[in-house]
Structures are given as C-alpha cells and as structure tokens.
Amino acid sequence: MSLAWPLVLLAAAVPAPAYRTHNDRLTVAPYASPAEWQRRAAYLKEHILASSGLLPMPEKTPLRAQIFDERKRDDYSVAKVEFESLPGFSVTGNLYTPAGRGPFPAVLLPHGHWTYGRLENTEVSSPWTGARACGG
Amino acid sequence: MDRRESLWGLSLAGLQLWNALRSLDFLQSRPDVDGERIGAAGATGRGASPASNCVLSHPAVEGGARRLTPARRSPTFDRFSTLIDPENARRHPPPTHAIRAGVRRFASRKRVI
C-alpha cells in the first residue's frame, strides 16, 4: 500500500490527456506536390520492407508454376495454380481467365483469412467483386 | 521479427508480402496477361494490408497504379468508420434492429463497469 502512494500522487500530478471521442474527425493531411508524396511513398515502402524482413529481398528463385485442373465456363475458365515463392514453399491459388484473346489486365486478390480461404463466396470476398471494383 | 521467426529467417508478414510479390511475378510471366495493367484488391481492413503492400513494393504495379480501390467496404470497416466519422454515420446509419439489440444488451447487463 505504502509503495503505491507515490504512484497515485504521480498520476494526480500528470494532466489528463485530451480524450478522443467518437465524434472526432480524422482529416488526412494533403500533400502539397507529387514530389512530396513520392518522398513519403519511398519512406513508407522502405519501412514496410524493412519491418517485414524483406530488406534486402530474398533471391527470386524459379517459380516452377503448375497450372492444372482447368474448368471451362461460357465466358471464363478457372484453373488451379501452384508455384514456389521460395524453394520448396508452395503458394496456391485460382486463376480466372476471361474467354477470348488476351493479353488481359490482371487483378491479384490476396484473399485474407476467410473461413473458406480463396473459396469463400460472399459479396465481400468473391473474385468477381474484386474484378468489378477494378473496372473489369 | 520475434525469436521463432528469426530462426525461420522470414517473418509471417514478410512471407505474406513475398508471396504476393511472387504472385505478381507469376502474373507477369503469363503471355495472356498485360504486364502493364496489373492491379490488386482486397477486402480485409479496407484492402489495406496485402494489396497496398504489393502496390507499394512491386515496380510493375507501382508504375501503373494510379488509384487503389478497395473491393468493397468491409462490415468491420463500416462499423469502425461509423464510430469515428459522423458524416459516414449519417450516410450509412446502422440498422435499427442492431441499435435496439444494443440498447437491450446495455440495459440488461448485470455489472456496472
């Protein structure tokens, strides 16, 4: 008890912080020029890579991509894809290709932690939602 | 990186980012993909984490990416942005049954915090 009293006195002496409330507005500071944003972007990029342990990046090893089990639909086809992002480490995904002649623009959908992973079929997570958002 | 990740030599965030970057390499290697027009979209956290990471970090995407559009506003994001942004709350009011349920829950709680 006696040890705690200095802490209580200290807490009383320190002014209370200005609390944030639900009514606070957050305005993102605009950048004055493209050059200013480029500087900021380079800073962010460097720090994202550094904090992810990707500075320097690992060597880009052969992908050894395999595309298999393709299913054709009327205006698109779906195939399964497996490639090695690191030697012996597989990354899997589905490759949706529109019918017709390419080359087509492409959209990468890192699908996140849904219950069914990349097979989650809801409005938020479906590949078609992503394709529409990108103007496809 | 924590201790276990440093033994692996790669953090989990780094592994996810690296997988996304190699996925872009895979897309670029395809003859039926226009390497100049590759985008990324995601829903979690308004598409912030993986999608913006690869846009930030892959030269092919960086050159062409003018705008990063979230696939859709996620329910979680809506909930939080409704809390922090009154204008958003006006435009997207929470459904009344959710408000009533919340009030009932609050009124019937046993313990006062």
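In the predicted model, helix α2(A) is followed by A:Gly53, a residue whose phi is positive, near 75 degrees. The helix itself, spanning residues 34-51 of chain A, comprises 18 residues and reaches 25 Å from its first C-alpha to its last, which is close to the 26 Å expected at 1.5 Å a residue. Despite this regular span, α2(A) is hardly covered, since the count of buried residues among its 18 residues is zero.

Chain A as a whole contains three helices and four strands, and, read along the sequence, these elements follow the pattern α-α-β-β-β-β-α. Of the 136 residues of the chain, 12% count as buried, and among contacts between residues at least 6 apart in sequence, 18% join residues at least 24 apart. The mean pLDDT of chain A is 79, with 76% of its residues reaching 70 or more. Among the elements of the chain, strand β1 (residues 66-72) has the highest mean pLDDT, at 95, whereas helix α3 (residues 127-133) has the lowest, at 56.

Two backbone features mark the loop between α2 and β1 of chain A. A:Pro56, which is found in this loop, is joined to A:Leu55 by a cis peptide bond with an omega of about 5 degrees. A:Arg64 is found in the loop between α2 and β1 of chain A as well, and has a positive phi of about 45 degrees although it is not a glycine. A:Arg64 counts as exposed because 11 other C-beta atoms lie within 10 Å, where the limit for an exposed residue is 12 or fewer. A positive phi also occurs at A:Asp69, again a residue other than glycine, with a value near 55 degrees; A:Asp69, however, has its place in strand β1 of chain A. With 10 other C-beta atoms within 10 Å, A:Asp69 is therefore exposed.

The strands of chain A include an open sheet of three, arranged in the order β1-β2-β3 with antiparallel pairing. The edge strands are β1 and β3 of chain A, each of which pairs on one side only. Neighbouring strands of this sheet are turned by 20 degrees against each other on average, direction ignored. Helix α2 of chain B (residues 12-29) packs on the sheet, touching β2 and β3 of chain A, and its direction makes about 125 degrees with that of β2(A).

Within the sheet, β1(A) and β2(A) (residues 76-86) pair in the antiparallel sense over five bridges and form a hairpin with three residues between them. In this pairing, A:Gln66 stands opposite A:Glu82 in β2(A). On the other side, 10 bridges join β2(A) to strand β3 (residues 89-98) of chain A, the two strands running antiparallel. These strands likewise form a hairpin, here with two residues between them, and A:Gly88 in the turn has a positive phi of about 80 degrees. A:Glu82 stands opposite A:Thr92 in β3(A), so that this residue of β2(A) faces A:Gln66 as well as A:Thr92, while the bridge partner of A:Phe83 in β3(A) is A:Val91. In a regular strand the side chains alternate between the two faces of the sheet.

The helix contributed by chain B, α2(B), has 18 residues and reaches 25 Å from its first C-alpha to its last, close to the 26 Å expected at 1.5 Å a residue. In contrast to α2(A), for which the count of buried residues is zero, α2(B) holds a series of buried residues, namely B:Gly14, B:Leu17, B:Trp18, B:Asn19, B:Ala20, B:Leu21, B:Arg22, B:Ser23, B:Leu24, B:Phe26 and B:Leu27. An α-helix has 3.6 residues a turn, so residues three or four places apart point the same way.

Beyond the three-stranded sheet, A:Pro110 has its place in the loop between β4 (104-108) and α3 of chain A. A:Pro110 is buried because 23 other C-beta atoms lie within 10 Å, the threshold for a buried residue being 20 or more. The C-alpha atoms of A:Pro110 and A:Gly93, which are 17 residues apart along the chain, are separated by 9.4 Å.

Conventions:
Residues are numbered from 1 along each chain as its sequence is written. Chains are lettered from A and ligands numbered from 1 in the order in which they are written. The expected span of a helix is 1.5 Å times one less than its number of residues. pLDDT is the predictor's confidence in each residue, from 0 to 100. Two strands pair if DSSP finds at least two bridges between them. Axes are lines fitted to C-alpha atoms, for helices over the stretch in contact, and angles run from 0 to 180 degrees between N-to-C directions. Two residues are in contact if their C-beta atoms, placed from the backbone, lie within 7 Å.
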